[in-house]
Amino acid sequence: MITYVHPSYFFLLLLLIPMIAWYIWRNKKTSASLQISSVDSFKGIPKSYKVYLLHLPFILRLGALTALIFALARPQSSDSHSNKDVEGINIMMALDVSKSMEAEDLKPTRLEAAKNVGKEFIMARPNDNIGLVVFAGESFTQSPLTTDKISLVRLMDGVNSDLVEEPGTAIGLGIANAVNRIKDVDAKSKVIILLTDGSNNRGEIDPMTAADLAATFNVKVYTIGVGTNAGEAPIRVKTAMGYQRQMVPVDIDEKTLDNIAQKTGGKFFRATDNKSLKSIYSEIDKLEKTKIQVTEYSKKNEEYLPYAIAALVFLLLEILLRKTLLRHIP
């Protein structure tokens, strides 16, 4: 199927009408005449092939202009597209990217483990609308709700602990930002998955206030505390002597995370290793599904080149005929 990005260019085809009218008028006006008593002596004389080619250059010029206009309209082809209703849920992932997420008690780090599991989660749910917010001392949206999983995974690949300059852990801001992105979605199931390794120590919004906000809009918050139970975890830090490993405290406010989940109808998970981080899957699968409409498009291909080549060929043929076979001698 061929579509045109700039169909308004087809109005230029109207210019062909005055061109044709002008060509007819000019030929009639400039035709030479010779009066003779009789044309009987010319009967039977075969016509030259040039008579039949006389108007061909003008036709070629019209063809070149027509092909050029089609090229300017930017034709594109696509294999197919379809609209379909599928069963899915709407999920915002809120990911802690504070410096402590570089701790290595999860492999290779807490943040990388969270990203890897998050990407698996995204790709395992082709029918869900999923978005991503990140937070440390402040929060911002990395991706709004989307069904384009490939783009979302690429965005998640680019997430690192330098993404948010403000230090600290603003859990309340992370939840509030995610709620703002999902609250107006018309769906039965609206979910936030919060991954953090600390306790709220930044931001203007208290985590429980953000939980109340989520509950108001019927948004379930599943909270995940990421980190070991050992009390400390190793982390690589840059010093004057290069990178060295130091021990940082594991400070997860489990009580607050549990209260957030309970208030919103979600569930609190404690992820002490990579395997337990995946346990949220089974809980998400139990959520009520809702229908969302997905429009699938195949890749579009630019089709202007054949028209451009045709215009060039027509123009070159016109010039060649005028300079050789149909050359006018003054």
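I started with asparagine 200: a polar atom of its side chain lies 3.2 Å from the backbone nitrogen of glycine 172. The model is predicted, and I read each entry below with that in mind.

**Asparagine 200**

I looked for a further polar partner of this side chain and found the backbone oxygen of arginine 202, reached at 3.5 Å. I then placed asparagine 200 in the chain: it sits in the loop between β7 (190–196) and α7. I checked its accessibility and noted a relative accessible area of 28%. I entered asparagine 200 as partly exposed because that value falls between the 20% and 50% cut-offs.

I listed its contacts, leaving out neighbours within four places in sequence. Asparagine 200 is in contact with Thr169, Ala170, Ile171, Gly172, Ile205 and Pro207. I also took one C-alpha to C-alpha distance: asparagine 200 and leucine 257 are 9.9 Å apart in space and 57 residues apart in sequence.

**Threonine 169**

Thr169 was on the contact list of asparagine 200, so I turned to it next. I found threonine 169 in the loop between α5 (149–157) and α6 (171–182). Is threonine 169 buried or exposed? Its relative accessible area is 5%, and I entered it as buried because that is under 20%.

I wrote down what threonine 169 touches, not counting residues up to four places away in sequence. The contacts are Asp96, Ser98, Phe135, Ala136, Gly137, Thr196, Ser199, Asn200, Asn201 and Arg202.

**Backbone: lysine 107 and proline 108**

I went through the backbone and noted a cis peptide bond joining lysine 107 and proline 108, with omega about -5°. I located proline 108 in the loop between β4 (90–96) and α4 (110–123).

**Backbone: positive phi**

Which residues other than glycine did I note with positive phi? I entered arginine 74, with phi near 60°, and asparagine 218, with phi near 55°.

I looked up where arginine 74 lies and found it in the loop between α3 (56–72) and β2 (75–77). Its relative accessibility is 33%. I put arginine 74 down as partly exposed, because 33% is between 20% and 50%.

I did likewise for asparagine 218, which lies in the loop between α7 (207–216) and β8 (219–226). Its relative accessible area is 62%. I put asparagine 218 down as exposed, because 62% is over 50%.

Conventions. Residues are numbered from 1 along each chain as its sequence is written. This is a predicted model: local features need pLDDT of at least 70, side-chain atom pairs count only at pLDDT 80 or more; totals for chains, interfaces and linings use all residues. Side-chain values use heavy atoms; hydrogens and water are left out. Helices (H or I, at least four residues) and strands (E, at least two) are DSSP runs, numbered from the N terminus. Buried means under 20% relative accessible area, exposed over 50%, partly exposed in between (1.4 Å probe, protein chains only). Contact means heavy atoms within 4.5 Å. A polar contact is a pair of N or O atoms within 3.5 Å; within protein, one must be able to donate a hydrogen and the other to accept it, and residues adjacent in sequence count only if both atoms are side-chain atoms.
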